[in-house]
Amino acid sequence: MAQFQLQTLKPYPRKVMPLASLYHTPPLPKLLTIRSFPCSSRLTKPVKFPLLHSLPTIQPRLVCKMSGSDIISELELGRPGDRQKPEKRVNGVFWIILLNLGIYVADHLFQVQGIQSLYLYHRWPAWYQFVTSTFCHANWKHLSSNLFFLYIFGKLVEEEEGNFALWLSYIFTGAGANIVSWLVLPRNAVSVGASGSVFGLFAISVLVKMSWDWRKILEVLILGQFVIEKV
């Protein structure tokens with residue numbers, strides 16, 4: 001018969017570990033230390049942030065895509081270049097209009113003595129009459145037509161060249177027109193009106209806004225013909 005020998009097996013060595021060690025937990029971070037410093041309610045020195053000034057300005061953009069086309073509208077806020085320029089105040093042309101109206105009322109309504117001495121008498125003209133006659137008018141129709149064109153062209157000249165240039169243009173062009181009329185017209189004639197000044201302001205306004213565009217040239221020709229007929 002076969003013989004069997006039983007051998008007693010030794011137990012496998014085991015190491016018992018605590019339950020908490022089965023799950024590895026990272027160490028807790030250290031708490032930040034917050035220190036308090038004494039402060040005051042007012043800042044004694046201005047606080048400067050040099051990095052903020054060096055950062056580029058980002059402009060917002062709205063992009064809309066519609067059927068394969070891009071429609072981009074830029075919203076540029078705070079740009080000084082896009083701000084509207086302040087409009088120049090126009091005062092000189094209104095003072096000239098008021099002066100013409102005042103002299104007309106004093107001459108024709110109140111019949112103030114001495115106003116007619118401002119007329120330009122071609123027989124014996126005084127030097128100041130070449131200027132003062134530009135502020136005098138024969139009747140209301142003559143005055144109203146001159147003031148209408150005076151406002152249009154005088155306003156253009158004043159907006160481009162200023163108040164002082166408007167007065168110089170009005171006086172010198174009017175005086176020059178009176179000199180030409182004194183040389184051409186007979187000696188028994190009397191000259192009054194701002195027609196010469198209106199023509200001068202019209203010419204200056206054309207030169208100031210001169211353009212070789214055919215539309216501008218056609219506009220000047222049509223307006224010039226209208227001025228010649230009405231003034």
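User: Let's start with leucine 183: which helix is it found in?
Analyst: Leucine 183 is found in helix 5, which covers residues 163–184, and I should say at once that we are looking at a predicted model.

User: Is leucine 183 buried or exposed there?
Analyst: Leucine 183 counts as exposed, because its relative accessibility is 58% and the cut-off for exposed is over 50%.

User: What nonpolar surface patch does it help to make?
Analyst: Leu183 joins Ile179, Val180, Val184 and Leu185 in making a nonpolar patch of about 470 Å² on the surface.

User: OK, stepping back, how many helices and strands are there in the protein?
Analyst: The protein has seven helices and four strands, and, read from the N terminus on, these elements follow the order α-β-β-α-β-α-α-α-β-α-α.

User: And how much of the protein is buried?
Analyst: Of the 231 residues in the protein, 24% are buried, while the area that the protein exposes comes to about 19600 Å², with carbon and sulfur atoms supplying 64% of that area.

User: Which residues have the most contacts inside the largest nonpolar core?
Analyst: The largest nonpolar core has 25 residues, and the ones with the most contacts inside it are Ile96, Leu150, Phe153, Leu166, Tyr170, Val198 and Leu201. Two or more residues of this core come from each of helix 2 (92–109), helix 4, helix 5 and helix 6 (195–208).

User: Take tyrosine 170 then, what is it in contact with?
Analyst: If its neighbours within four places in sequence are left aside, tyrosine 170 is in contact with Ile96, Asn100, Thr134, Phe135, Leu150, Ala194, Ser197 and Leu201. As for the protein overall, 72% of the contacts between residues at least 6 apart in sequence join residues at least 24 apart.

User: New topic: where does serine 145 lie, and why does it count as buried?
Analyst: Serine 145 lies in helix 4, which runs over residues 140–161, and it counts as buried because its relative accessible area is 17%, where buried means under 20%.

User: How far apart are serine 145 and serine 195?
Analyst: In sequence serine 145 and serine 195 are 50 residues apart, whereas in space their C-alpha atoms are 9.2 Å apart.

User: Last one, what about the phi of glutamine 111?
Analyst: Glutamine 111 is not a glycine, yet it has a positive phi of about 50°. Glutamine 111 sits in the loop between helix 2 and strand 3 (120–121), and it is exposed, with a relative accessible area of 60%.

Technical notes
Residues numbered from 1 in each chain as written. Predicted model: local features only at pLDDT ≥ 70, side-chain atom pairs only at ≥ 80, totals over all residues. Heavy atoms only, no water. Buried < 20%, exposed > 50% of the residue type's maximum accessible area, 1.4 Å probe, protein only. Contact = heavy atoms within 4.5 Å. Areas by Shrake-Rupley, 256 points an atom, 1.4 Å probe, with all protein chains shown as cover. Patch = residues over 30% accessible without salt bridge, like charges linked within 9 Å, V, L, I, M, F, W, Y side chains within 5 Å. Salt bridge = Lys/Arg side-chain N within 4 Å of Asp/Glu carboxyl O. Core = buried A, V, L, I, M, F, W, Y, C linked by side-chain atoms within 4.5 Å.
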